[in-house]
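Hi,

Here is the structure I promised to pass along. Have a look at it first, and my notes follow underneath.

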Amino acid sequence: MPETPDAVPGVNRPNITPLDIIRAVILVVAIASVALWGFAMWTFPWNIVLGIGSPLLVLLVWALFLSPRPVLTLHPFVRAAVELLIYVGVTLAWWSMDQAWVGLGFAVVAVTSGLFAGRRDLR
């Protein structure tokens, strides 16, 4: 058995960096945030619809445009704009729940990680 995992013939494993892990955590927090917003900020019939529908919408947009293997490939600047729209939506959701500092903290961390990922992808 080979000592290094890269030496296995026929196996192509992606290199996962700490930035990839941080960005995955940001996505999970974004989905959880819009789910919380949907369930907490609306009355009965709409809280179910928005509590389930808004995270599904975020996940659908991520899968279509932002995933590592997107269904629709976009120009890097358009991809960054779509990513920023998700971050703005999550930040506004936190602000509407009277948690402006949480929204601001999420925005700073998410945009900073996006800047680092954009710099990495342009190399």
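Let me start with Asp98: its relative accessibility is 68%, so this residue counts as exposed. Asp98 sits in the loop that joins α3 and α4. Its backbone is worth a look too, since Asp98 is not a glycine and yet has a positive phi of about 60°. Please keep in mind throughout that this is a predicted model.

Next, the helices and the record. An unreviewed UniProt entry lists residues 21–40, 46–65, 77–95 and 101–118 under "transmembrane region". Two of these spans can be checked here against the model. Residues 77–95 are 100% helix and 0% strand, with 26 Å between the end C-alpha atoms. Residues 101–118 are likewise 100% helix and 0% strand, and their end C-alpha atoms lie 25 Å apart.

For α2 there is a simple length check. This helix has 23 residues, which at 1.5 Å a residue should span 33 Å; the end C-alpha atoms are 32 Å apart, so the two values agree. The buried residues in α2 are Asn47, Gly51, Ser54, Pro55, Val58 and Leu66. Among the elements covering these buried residues are α1 and α3.

Now to the interior. The largest nonpolar core has 15 residues, and the members touching the most others are Ile26, Ile86, Tyr87, Val90, Phe106 and Ala110. At least two residues of this core come from each of α1 (18–40), α2 (44–66), α3 (76–96) and α4 (100–122). The biggest contributor is α3, with six residues. If you want a place to zoom in, try Ala110: leaving aside residues up to four places away in sequence, Ala110 touches Ile26 and Tyr87.

Finally, how many salt bridges does a search of the whole structure find? There is one, and it pairs Glu83 with Arg23, with 2.5 Å between the closest N and O atoms. Glu83 belongs to helix α3 and Arg23 to helix α1, so the pair ties together parts that are 60 residues apart in sequence. Are the two partners buried or exposed? Glu83 has 12% relative accessibility and therefore counts as buried, the cut-off being under 20%. Arg23, at 23% relative accessibility, counts as partly exposed because that value falls between the 20% and 50% cut-offs.

Happy to go through any of this with you at the screen.

Best wishes

Notes. Residues numbered from 1 in each chain as written. Predicted model: local features only at pLDDT ≥ 70, side-chain atom pairs only at ≥ 80, totals over all residues. Heavy atoms only, no water. UniProt positions renumbered as here; feature names shortened; annotations may be inferred. Helix = DSSP H or I, 4+ residues; strand = E, 2+ residues; numbered from the N terminus. Core = buried A, V, L, I, M, F, W, Y, C linked by side-chain atoms within 4.5 Å. Buried < 20%, exposed > 50% of the residue type's maximum accessible area, 1.4 Å probe, protein only. Contact = heavy atoms within 4.5 Å. Expected span 1.5 Å × (residues − 1). Salt bridge = Lys/Arg side-chain N within 4 Å of Asp/Glu carboxyl O.
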